[in-house]
Amino acid sequence: MIVRVRCSQGTWRIEIPGPSSRIGELKAAIEAQKSVASDAQVLSAEPSGAAPLDDGATLEACGLGANGSMVFLAVAADRRDDVALPPPPTAKDDVGVRGAARVKIGADGSIVATEYDDYTSAKGFRPGMAALGDIKKSWTLTDFLEMDDQFVFKVKRQEDKHCAAVSLDAGACVSFQGYVQQLGWRQQRVGFLYGTFDDGEARAEAVYEPPQDCSEHGFVLLEDDKAEAVAQLAQLLGLVRVGWIFACPPREDGFVFSGEEAIQAAMEQLEAADGVAETPYVSVRVTVNEKGEANFEAYQVSQQCMAMVAEGALQGGTRARRALAPDPDDAAACLVHETFTAIVEGKRAANVNTNFFLCNVPVKQHTSATFAATFPKENRMIPQTRDDLKVVLNKAKSTGAKLGDALADFGALLFLMGFPQIFDSQFMPAVCASVVDRTLPLDEGYGLILYSFAGMDF
C-alpha cells in the first residue's frame, strides 16, 4: 500500500507492505527511500505535529490503514529547537493528575489540571505551540522575529502561471460533463486527467473518475482499490497525471473555487511538483451556464497557496478523514489555522478568499488521435460488465477494425486490468503497445482470449 508523507519538502509517496505495518517500519521505509534518519523523524496524524505516533503501533491502529492515508513528518534537523512539536504532558507520577500539561492551585486551594491545548492557548508562543521559555531559555529580538515570521503569510496574487495552456480531449469532456448533466448538475464530480506535458502545456487525453462521495456542496475521495492499476496503465500508455477536473452546480458570479477545492488543488500540485515548486499541473472546473451549456475553465493555485497548505496554515484535522478547512460561513474562502497569521490587503484575516490564490489558464480542445472515451466509466451508478466489452468487440468485428483500435479507450483497458488472472503481465503491455502504435500487430492468441472472455466466437 501507499502512505503519503507530508513534510516541509512536500508530499512523498512511501510504499509499505500493508496496514499491519508498524510506525517503526514506516520510518525505516522513509529512511530507505528518502534518506531521512529514523531517529530524526517524528510522525503524527495531525498537521500540527501533536500526539506523535508510537513506533510500535500499527498503521491500522493509528487510523492510517487506508491506501493513500496521509501522515505528517517533522524532521529534527529541519526544526529550530523542536519548535514544531509541543512538549509532552506531565506524567501522573510527577503531578498527581494524569494527562495534565500543567497544574495550578485554585482559589479554594484545590489542585486544578490544565489540559495542554488550554495551556498553550493562553501561554504558548502561538496557539498550539509551547511557551517561549519551554522552547528555548534565552531569546534575542532577532531570534523572536525570525521565528514569528515563519508563521506569517502576506497573501498576494501570483501574476505568472506555470501552465501555458491545457488542451482537453473533446470525447473525454463530453463523457464527463454528460454524466453530471444526467444528474441534473445537482452534485459535484471529480476526475483525474491523464495525458502529457509539452513545452509547459498540459494535454489531457483521458479522464479517470475515482471512487467518491459527492453532494451539491462538496466531495470526498474514497479509498481507491484501482489506484495502482491506474498508475500502471498510464505508464504503459506513456501518460502521466497532468491535472484534475471537477464539476459543480452553477454558482454566483465571483465564486470560482470553494475552500475545499482550492486546498485539493494545492495538494495535487504539491504532489505533482514533489514540494512547493513550479509545475504545469492544472485544475479544471466545469459547470453549466444559463443556456444549459457546459463551461470549462482551467486554473492553477499559487505557490503561496501550496506553501500555506503544506505548512497546515489552511488545513485542519487529518487527511485520513479528509477534514479540510473551508470557511463554513463563506464557501469561497479558506479558514486560517489559529497558529498562523494571514495578512490580506494589509489587514489580518481569519479567512482568505480563494480568488487570491487562483491563476487562470487558457483552455483548448482537441480530438485525440489515439484514444476514444466511449466505454462506460468506472465508479458510476451503473457498473461495467463484460457485455460492455462485447459491444466494443462486436463493433470492431463488424467494421473490420483492429483490436488495437477497438481497445484504444482508457476505461476499457482499465476494465481489463481488473482481471489480472486472465489479462496478465504479458497481455496488457502487448495490448497497450498496439494501442499506442497501431502499426504493431496484436497476436491472434490475445484476440482469442478477449473474445472468449466476452462470451463471443473469435
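Q: In which sense do strand 13 and strand 14 pair?
A: The model is predicted, residues are numbered from 1 along each chain as its sequence is written, and local features need pLDDT of at least 70, side-chain atom pairs 80 or more, while totals for chains, interfaces and linings use all residues. Side-chain values use heavy atoms, without hydrogens or water. Strand 13 covers residues 240-247 and joins strand 14 over 5 bridges (pairing takes at least two DSSP bridges; a strand is a DSSP E run of at least two residues, a helix an H or I run of at least four, numbered from the N terminus). The sense of this pairing is parallel.

Q: Which residue of strand 14 is the bridge partner of A247?
A: Strand 13 and strand 14 are linked by 5 bridges. In strand 14, A247 meets V286.

Q: What is the hand of the β-α-β crossover from strand 13 to strand 14?
A: The chain leaves strand 13, passes through helix 8 (residues 259-273) and enters strand 14. With the strands pointing away from the viewer, a clockwise path over the helix counts as right-handed. This crossover is right-handed.

Q: How many residues of strand 14 are buried?
A: Strand 14 spans residues 282-288 and is mostly covered. On one side V282, V284, V286 and V288 are buried (under 20% relative accessible area, 1.4 Å probe, protein chains only), and on the other S283, R285 and T287 are buried too. The count is 7 of 7.

Q: Which residue of strand 15 is the bridge partner of R285?
A: Strand 14 and strand 15 run antiparallel, joined by 6 bridges. R285 is buried in strand 14. Its bridge partner in strand 15 is E297.

Q: Which residue in the hairpin of strand 14 and strand 15 takes a positive phi?
A: This hairpin has 5 residues between the strands. The phi is near 80 degrees, and the residue is G292.

Q: Which element gives the largest share of the lining of the largest cavity?
A: The whole structure holds 2 cavities of 30 Å³ or more (points on a 1 Å grid where a 1.4 Å probe fits but cannot get out; lining residues have an atom within 4 Å of a point). The largest is lined by residues including L168, F176, L193 and I245. Strand 8 (165-169), helix 6 (170-182) and strand 10 (201-208) each give two or more residues to that lining. The largest share, 4 residues, comes from strand 10.

Q: What is the volume of the second largest cavity?
A: Its lining includes Q158, H162, Q300 and M306. Strand 15 (294-301) and helix 9 (303-311) each give two or more residues to the lining of the second largest cavity. Its volume (space filled by probe spheres set on the points) is about 30 Å³.

Conventions: 1 Å grid on protein atoms, 1.4 Å probe; cavity = no way out; pocket = protein on both sides within 12 Å on 5 of 7 lines; lining within 4 Å. Buried < 20%, exposed > 50% of the residue type's maximum accessible area, 1.4 Å probe, protein only.
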